[in-house]
Amino acid sequence: MRELLLDAEGFCTRAQVHENLARTFDFSADYAYTLDALYDQLCACPPTRLTLRHAELLVDTLGAYGEFLLRVIAGAASENGDLLLNFE
């Protein structure tokens, strides 16, 4: 199982979040930087433990989009038993 860390501290834009997710998960170059694309990628990812630090900052900085983003990640983890999610 691969262990990944995503620290949301310093993310100011949607693009920064998606760029970091794409880099962290090594998504393909055609990743669309949307919540739908993120969900699809996470549901198909191999066994992975994702630790998300400072998740609350996503909501503080991105508002409703940050809330939707966290729901998408949690929903994908619920759908894909190989994706384990930890919050720090």
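This note walks through the sheet, two helices, the salt bridges and the aromatic rings of a predicted model.

1. **The sheet.** Start with the strands. Three of them form an open sheet, in the order 1-2-3, and the pairing is parallel. Strand 1 and strand 3 stand at the edges. Each has a single partner strand, so one side of each is left without a neighbour in the sheet. From one strand to the next, the twist averages 20 degrees.

2. **Strand 2 beside strand 3.** These two strands run parallel and are joined by five bridges. Look at Arg-49 here: its bridge partner in strand 3 is Leu-84. Helix 4 lies across both strand 2 and strand 3. Its direction makes an angle of about 135 degrees with strand 3.

3. **The two sides of helix 2.** Helix 2 covers residues 35-43, and its buried residues are Leu-35, Ala-37, Leu-38 and Leu-42. Why do they lie on the same side of helix 2? They cover an arc of only 155 degrees around the axis, which puts them there. As background, an α-helix has 3.6 residues a turn, so residues three or four places apart point the same way. The face turned away from the buried side carries the exposed residues Asp-36 and Asp-40.

4. **What helix 2 packs against.** The buried residues of helix 2 pack against three elements: helix 1 (14-25), helix 4 (64-79) and strand 3 (83-87). Helix 4 thus appears again; it also lies across strand 2 and strand 3.

5. **Salt bridge from strand 2 to strand 1.** The whole structure holds three salt bridges. One of them joins the side chains of Arg-49 and Glu-3, at 3.0 Å from N to O. This pair links distant parts of the chain, 46 residues apart. Arg-49 sits in strand 2 (residues 48-53) and Glu-3 in strand 1 (residues 2-7). Arg-49 counts as partly exposed, at 29% relative accessibility. Glu-3 is exposed, with a relative accessible area of 52%. Recall that Arg-49 also has Leu-84 of strand 3 as its bridge partner.

6. **Salt bridge beyond strand 3.** Arg-53 forms a salt bridge with Glu-88, and their closest N and O atoms are 2.6 Å apart. Arg-53 lies in strand 2, while Glu-88 lies in the segment after strand 3, so the pair ties together parts that are 35 residues apart in sequence. Arg-53 is partly exposed at 31% relative accessibility. Glu-88 is exposed, at 54% relative accessible area.

7. **Salt bridge within helix 4.** Glu-67 and Arg-71 also meet through their side chains, at 3.9 Å from N to O. How are these two residues placed along helix 4? They are four residues apart, and about one helical turn separates them. Glu-67 is partly exposed, with a relative accessible area of 37%. Arg-71 counts as exposed at 52% relative accessibility.

8. **The aromatic cluster.** The count of aromatic pairs is three. In one, the ring centres of Phe-25 and Phe-27 are 5.3 Å apart and the planes meet at 20 degrees, so the pair is stacked. Phe-27 and Tyr-31 form a tilted pair, with 4.8 Å centre to centre and 50 degrees between the planes. Ring pairs link Phe-25, Phe-27, Tyr-31 and Tyr-33 into a cluster.

9. **Buried or exposed rings?** Both Phe-25 and Phe-27 are buried. Phe-27 has a relative accessible area of 10%. Tyr-31 also counts as buried, at 6% relative accessibility.

Methods. Residues numbered from 1 in each chain as written. Predicted model: local features only at pLDDT ≥ 70, side-chain atom pairs only at ≥ 80, totals over all residues. Heavy atoms only, no water. Buried < 20%, exposed > 50% of the residue type's maximum accessible area, 1.4 Å probe, protein only. Arc of directions from axis to C-beta. Contact = heavy atoms within 4.5 Å. Salt bridge = Lys/Arg side-chain N within 4 Å of Asp/Glu carboxyl O. Pairing = 2+ DSSP bridges. Axes fitted to C-alpha atoms, helices over the stretch in contact; angles between N-to-C directions. Phe/Tyr/Trp six-rings, centres within 6.5 Å; stacked < 30°, edge-to-face > 60°.
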